[in-house]
Amino acid sequence: VGLKVAVVVGGVDMMAQAVALARKPHVVVATPGRLVDHLENTKGFSLRTIKYLILDEADRMLSMDFEEELQKVLAAVPRERNTYLFSATMTSKVAKLQRASLTRPVKVEVSSKFSTPKTLLQQYLFIPAKYKDCYLAYVLNELQGMTVLVFVATCANAQRATLLLRNLGFPALCLHGQMSQPKRLGALNKFKAGERNILVATDVASRGLDIPSVDAVLNYDIPSHGKDYIHRVGRTARAG
């Protein structure tokens, strides 16, 4: 359709992003922190002419202490604009932001409760913690040939589980927040391309990633909040 798009995220060279922004893209896809960096440091860049402001995973942004950055972004955009907030789970902070930044808002809600797709088959195993690794290998062996996303609680667990699976002969990749942006993208692209069919990840992979076909999601570590479970299992049995 001829749209020019600039991606503005942390962990990537700011100068290359500044060049992309100078070309006046139609769409800017950004993380709040890096967008504020450019607002404050990139000469000639502003948000004064934008017509649409979209906040995806709005509840996650607010729970990750992005409130200050979001306030700076809201202060930099025109009052006359269309604003859209998207989230699979609505929280009180999102409602607060909605009241503060929207005029005559319209709420479109699929379900008022946290819910999973009807096509999603959910199973669980009660096992002693010391046998978790054995059962992880067993389940992955049973799912051989499928595309599997394994969620763990910490970056250290992601590294450990990935090394364990590789030593057992499983084609596993690792994805977590302490990896550099190029390494994250490299792992994600290999997984999406089918070069490796097992991705061990923290909740950094539970939202916002476009992975077209995930056959199964394993919660090696149980998430700390129910809404995180909704987002994790939502990586499979996706709408459409």
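The exercises below lead through a predicted model of one protein chain, each with a worked solution.

Residues are numbered from 1 along each chain as its sequence is written, and side-chain values use heavy atoms, with hydrogens and water left out. Because the model is predicted, local features need pLDDT of at least 70 and side-chain atom pairs count only at pLDDT 80 or more, while totals for chains, interfaces and linings use all residues.

**Exercise 1. Describe the chain as a whole.**

Start with the elements: the protein chain has nine helices and eight strands, where helices (H or I, at least four residues) and strands (E, at least two) are DSSP runs numbered from the N terminus. Next, turn to burial: 37% of the 240 residues are buried, and buried means under 20% relative accessible area, exposed over 50%, and partly exposed in between, with a 1.4 Å probe and protein chains only. The chain exposes about 15,300 Å², of which carbon and sulfur atoms supply 54%; such areas come from the Shrake-Rupley method with a 1.4 Å probe, and for residues only the protein chains shown count as cover. Finally, consider contacts, meaning heavy atoms within 4.5 Å: among those between residues at least 6 apart in sequence, 63% join residues at least 24 apart.

**Exercise 2. Work out the order of the four-stranded open sheet and find its edges.**

First, read the order, which is β6-β7-β5-β8 with parallel pairing; two strands pair if DSSP finds at least two bridges between them. Second, look at the ends: β6 (172-175) and β8 (216-219) each have a single partner strand, so one side of each is left without a neighbour in the sheet. Third, consider the twist, for neighbouring strands are turned by 20° against each other on average, direction ignored. Fourth, take one pair in detail: β5 (residues 148-151) and β7 (residues 198-201) are joined in the parallel sense over four bridges, and Val148 is placed opposite Ile198 in β7. Lastly, add helix α8 (residues 181-193), which lies across β5, β6 and β7 and runs at about 140° to β6; axes are lines fitted to C-alpha atoms, for helices over the stretch in contact, and angles run from 0 to 180 degrees between N-to-C directions.

**Exercise 3. Identify the members and sources of the largest nonpolar core.**

A nonpolar core is a set of buried Ala, Val, Leu, Ile, Met, Phe, Trp, Tyr and Cys residues joined through side-chain atoms within 4.5 Å. The largest one holds 19 residues, of which Leu140, Val150, Leu165, Ile198, Val200 and Leu218 touch the most other members. Two or more residues each are given by α6 (132-142), β5, α7 (155-167), β6, β7 and β8, and the largest share, four residues, belongs to α6. Another core, of 12 residues, lies apart from it and includes Leu175, Leu199, Ala201 and Ala205. As a close look at one member, Ile198 has contacts, beyond its neighbours within four places in sequence, that include Leu140, Val150, Leu165 and Phe191.

**Exercise 4. Compare the surroundings of His176 and Thr162.**

Begin with His176, which sits in the loop between β6 and α8 and counts as buried because its relative accessible area is 3%. Its partners, leaving aside neighbours within four places in sequence, are Cys155, Ala158, Gln159, Arg184, Thr202 and Val204. Its side chain also reaches the backbone nitrogen of Gln178 at 3.1 Å. Then move to Thr162 in helix α7, which is buried at 2% relative accessibility and, with neighbours within four places again left aside, is in contact with Ala172, Leu173, Cys174 and Val200.

**Exercise 5. Decide how the side chains of strand β1 are arranged, and name its partner.**

Along β1 (residues 5-8) the side chains alternate, with Ala6 and Val8 pointing to one face and buried, whereas Val5 and Val7 point to the other and are not. The partner is strand β2 (residues 27-30), which runs parallel to β1 and is joined to it by four bridges; within this pairing, Val8 stands opposite Ala30.

**Exercise 6. Place Thr83 and Ser87, and state whether each is buried.**

Thr83 belongs to strand β4 (residues 82-86) and, at 19% relative accessibility, counts as buried. Ser87 is in the loop between β4 and α5 (92-101) and is partly exposed, with a relative accessible area of 32%. Although 144 residues separate Ser87 from His231 in sequence, their C-alpha atoms are 9.9 Å apart in space.

Methods. Polar contact = N/O pair within 3.5 Å; in protein donor to acceptor, adjacent residues only side chain to side chain.
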